[in-house]
Amino acid sequence: MTLLPVSRGDLLEKMTDAVIVLDDDDRIAEINATARELLGVSRAPGQEAREAFASFPDLLERMNSVSPMRSEVNVGEGIVQRSFDLQVSVLQTRRGKPAGR
């Protein structure tokens, strides 16, 4: 079996699930193509989450959780409204300090 090296960035970009990583200051650290397309976000890394996701208050509110959680989030309104399963995982440094989510 041959193992091919895959970078974290390549892996995230090819995922069909939307992935957003926020740092400890609520700035976007990582966002994959699926999430950018779904949410219409073009600028991303370094952008404040409240600015990037201002059009999605339900999502933003739940993303602000500082503890692990799973919830349903509705995006859009009326006939274009879509529901998504949101999972928030807390990221920690090797010393156990919060590093983002």
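## The β1–β2 hairpin

In this predicted model, β1 and β2 make a hairpin, and 5 residues sit between the two strands. One residue to look at in the turn is D26, whose phi is positive at about 60°. The strands themselves cover residues 20–22 for β1 and residues 28–31 for β2, and they pair in the antiparallel sense through 3 bridges. If you want a register to check, take I20: its bridge partner in β2 is I31.

The loop between the strands also holds D23. With a relative accessible area of 17%, D23 falls under the 20% cut-off, so it counts as buried. Its side chain reaches back to the local backbone, coming to 2.8 Å from the backbone nitrogen of D25.

## Salt bridges

Across the whole structure, a search turns up 5 salt bridges. As background, side chains of opposite charge can pair when their charged atoms come close.

Start with the one that involves the hairpin turn: the side chains of R101 and D26 meet in a salt bridge, at 2.3 Å from N to O. This pair links distant parts of the chain, since D26 belongs to the loop between β1 and β2 while R101 is in the segment after β6 (98–100), 75 residues away. How exposed or buried are the two partners? R101 has a relative accessible area of 12% and is buried, whereas D26, at 29%, counts as partly exposed.

Next comes R70, which forms a salt bridge with D85; their closest N and O atoms are 2.7 Å apart. R70 lies in strand β3 and D85 in strand β4, so this contact ties together parts that are 15 residues apart in sequence. R70 is exposed, with 58% relative accessible area. Salt bridges that share partners also join D23, D25 and R27 into one network, and D23 is the buried loop residue described above.

Then there's E48 with R50, another salt bridge, where the closest N and O atoms are 2.7 Å apart. E48 is partly exposed at 33% relative accessible area, while R50 counts as exposed at 58%.

## The largest pocket

Now for the open space. The largest pocket has a volume of about 730 Å³. It is lined by 24 residues, and those closest to its centre are A18, V19, I20, L86 and Q87. I20 is the β1 residue whose bridge partner in β2 is I31, so the hairpin ties in here as well: β1 is among the elements that give two or more residues to the lining, along with α2, α4 (57–63), β3 (69–75) and β4 (82–88).

Which element gives the most to the lining? That's β4, with 5 residues. In terms of chemistry, the lining splits into 17 nonpolar, 4 polar and 3 charged residues.

## E37 on helix α2

One last residue to place is E37, found in helix α2, which spans residues 33–39. Its relative accessibility is 70%, which is over the 50% cut-off, so E37 counts as exposed. In space, the C-alpha atoms of E37 and A18 are 9.0 Å apart, with their positions 19 residues apart in sequence. A18, for its part, is one of the residues closest to the centre of the largest pocket, and helix α2 is one of the elements giving two or more residues to that lining.

Key:
Residues numbered from 1 in each chain as written. Predicted model: local features only at pLDDT ≥ 70, side-chain atom pairs only at ≥ 80, totals over all residues. Heavy atoms only, no water. Pairing = 2+ DSSP bridges. Helix = DSSP H or I, 4+ residues; strand = E, 2+ residues; numbered from the N terminus. Buried < 20%, exposed > 50% of the residue type's maximum accessible area, 1.4 Å probe, protein only. 1 Å grid on protein atoms, 1.4 Å probe; cavity = no way out; pocket = protein on both sides within 12 Å on 5 of 7 lines; lining within 4 Å. Points joined across faces, edges and corners; volume = space filled by probe spheres on them. Nonpolar A, V, L, I, M, F, W, Y, C, P; charged D, E, K, R; others polar. Salt bridge = Lys/Arg side-chain N within 4 Å of Asp/Glu carboxyl O. Polar contact = N/O pair within 3.5 Å; in protein donor to acceptor, adjacent residues only side chain to side chain.
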